[in-house]
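Me: Please take a close look at the aromatic rings in this model, and at what sits around them. A connected account would suit me better than a list.

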Amino acid sequence: TLEKLASHYGLGNVVLYQSNPIYGYRPKPNQSVVRFHQSKIELNNLSLRASQAWDDNPKGKILFLGDSVTYGGSYVSNEDLFSHQAGKRLGLEPGNAGVNAWGVLNVHGLVKELDFTPAEVYVSTFPEGDFYRGLTRLGGLPYWTIQPKYALEELFYYGLTQINLKKTPGLDYGTLNQHEIKRLVDIAAWHLKDMDSYLKAKGYKHVIFITPSRTQALGKAGLDPILAQSLKDHGLEVVYLLDEVKKQDHIPSLYHDEIHLTKEGHAVWGELMGRHIRNTVTS
C-alpha cells in the first residue's frame, strides 16, 4: 500500500519540536528516529545530536551551533556529521545543537539569553544567508510538535505547507532598500558579537565559521560584501571556509544541494574545521 511505501522511505517517523519565545524552537529531548536512507537521528537529554546524555560538567565537551547545515538533515546519521567527525579528531565529546531554518538570532537566544553553556568549546557555523533571517519561529514551517498517526499524513501536510508558501510567500528581500538590508545584517552581527563576548567572558573558546554555498565553492559567486563589512565593523574574528573548500576535488559530490552537505561533504568539513578548532583550543 501507499502507507507502507511511505513508511519504508522514512516518512511518518518524525523528529518532534518544541516552541520557545526566546530562541524560537528546537527539537524535543530524548528522541531516537530512523529517517531517510535508514539514517539514525538521536537526540540526547539536552536535545543535542550526540552519542550519549550530557551531565552538568562542560569539561571535555564541544558544542556545534547553527542551522540545518550543522544539524545535517534527516539523511545523515549522527556519527557522520561534521560535528562528530571534528569532535572525535580533537578528542572532545561532540554535541550538535544545529536546528533546521535557524538564524543567528535563534542561536544567540539559546546560548546567551538562556545561558545554554554545557560545553567548554563552542563552534558556530553559519552560511551567509543566516544573517538575513532574523529570529525564525516554528509557525509556518513543516515541522511537527506531535507524532503523526500515518506516514502519508506527513506527506500530506508537507504538500499543504508548500501550497501555503505559494499563497503567502516569505519575506521578499528585493523589496528592502540598501539601508534596511545593511541594518538587518548588522543586527545579526551584533548578536553574534554579543554571544561571542559572553562565551569568552565565561572562559570558553568560540570559533565562528562562515560556510560557502556550492555556487561559491565552484567559483561562480563571491563572498557577500555587506556581511564581510559588518563582521569587520563588529570586530568579529571568523573563519571563511571558502578558500579551503575550493581546493577540494569533486566539489559537487560534497553538496546535497546548494548549501547542505552529503556524507562525504561532512567528512571533508569535519577535517577542515577540526584543524582550525585545534589552533583555537590550544592557543
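**Aromatic rings and their surroundings**

Reply: Tyrosine 17 has a relative accessibility of 3% and therefore counts as buried. The model is predicted, and its aromatic pairs number nine. In one of them, tyrosine 17 is stacked with tyrosine 143, with 5.0 Å from centre to centre and 25 degrees between the planes. The angle falls in the stacked class because that class takes planes under 30 degrees apart. This pair links distant parts of the chain: tyrosine 17 belongs to strand β1 (residues 17–20), tyrosine 143 to the loop between β7 (121–127) and α5 (151–167), and 126 residues separate them. Tyrosine 143, at 25% relative accessibility, counts as partly exposed.

A second pair has another geometry. The ring centres of tyrosine 255 and tryptophan 269 are 6.3 Å apart and the planes stand at 85 degrees, so this pair is edge-to-face. Tyrosine 255 sits in the loop between α9 (242–246) and α10 (263–281), while tryptophan 269 sits in helix α10, so the contact ties together parts 14 residues apart in sequence. Tyrosine 255 is buried at 4% relative accessible area, and tryptophan 269 is buried at 0%. Ring pairs join these two residues with Phe64 and Phe82 in a cluster.

Phenylalanine 64 leads from the cluster to a sheet, as it stands opposite asparagine 96 in β6. Strand β5 (residues 61–66) and β6 run parallel and are joined by four bridges. They are part of an open sheet of five strands with parallel pairing, in the order β6-β5-β7-β8-β9. Its edge strands, β6 (93–96) and β9 (239–240), each pair on one side only.

The tyrosine 17 side of the picture has its own strand pairing. Strand β1 runs antiparallel to β2 (residues 24–27), with four bridges between them, and a hairpin of three residues connects the two. Within this pairing, serine 19 stands opposite tyrosine 25 in β2.

Charged side chains also meet rings. Lysine 61 lies over the face of tryptophan 54, 5.6 Å from the ring centre. Lysine 61 also forms a salt bridge with aspartate 55, where the closest N and O atoms are 2.9 Å apart. The two partners differ in cover: lysine 61 counts as buried at 7% relative accessibility, and aspartate 55 as partly exposed at 46%. Elsewhere, arginine 49 lies over the face of tyrosine 71, at 4.9 Å from the ring centre.

Helix α10, which carries tryptophan 269, also holds a charged pair. Glutamate 271 and arginine 275 meet in a salt bridge at 2.9 Å, N to O. They are about one helical turn apart, because four residues separate them in α10. Glutamate 271 is partly exposed at 32%, and arginine 275 counts as partly exposed at 47% relative accessibility. The salt bridges come to twelve in total.

Some aromatic residues also take part in a surface patch. Phe156 and Tyr157, together with Leu160 and Ile163, form a nonpolar patch with about 400 Å² of accessible area together. Leucine 160 is found in helix α5 and is partly exposed, with a relative accessible area of 38%.

Note on methods
Residues are numbered from 1 along each chain as its sequence is written. This is a predicted model: local features need pLDDT of at least 70, side-chain atom pairs count only at pLDDT 80 or more; totals for chains, interfaces and linings use all residues. Side-chain values use heavy atoms; hydrogens and water are left out. Rings of Phe, Tyr and Trp (its six-membered ring) pair if their centres lie within 6.5 Å; planes under 30 degrees apart count as stacked, over 60 as edge-to-face and the rest as tilted. Buried means under 20% relative accessible area, exposed over 50%, partly exposed in between (1.4 Å probe, protein chains only). A charge sits over a ring if NZ of Lys or CZ of Arg is within 6 Å of the ring centre and within 35 degrees of the ring normal. Two strands pair if DSSP finds at least two bridges between them. Patches are made of residues with over 30% relative accessible area and no salt bridge: like charges are joined within 9 Å, nonpolar side chains (Val, Leu, Ile, Met, Phe, Trp, Tyr) within 5 Å. Accessible areas come from the Shrake-Rupley method with a 1.4 Å probe; for residues, only the protein chains shown count as cover. A salt bridge is a side-chain nitrogen of Lys or Arg within 4 Å of a carboxyl oxygen of Asp or Glu.
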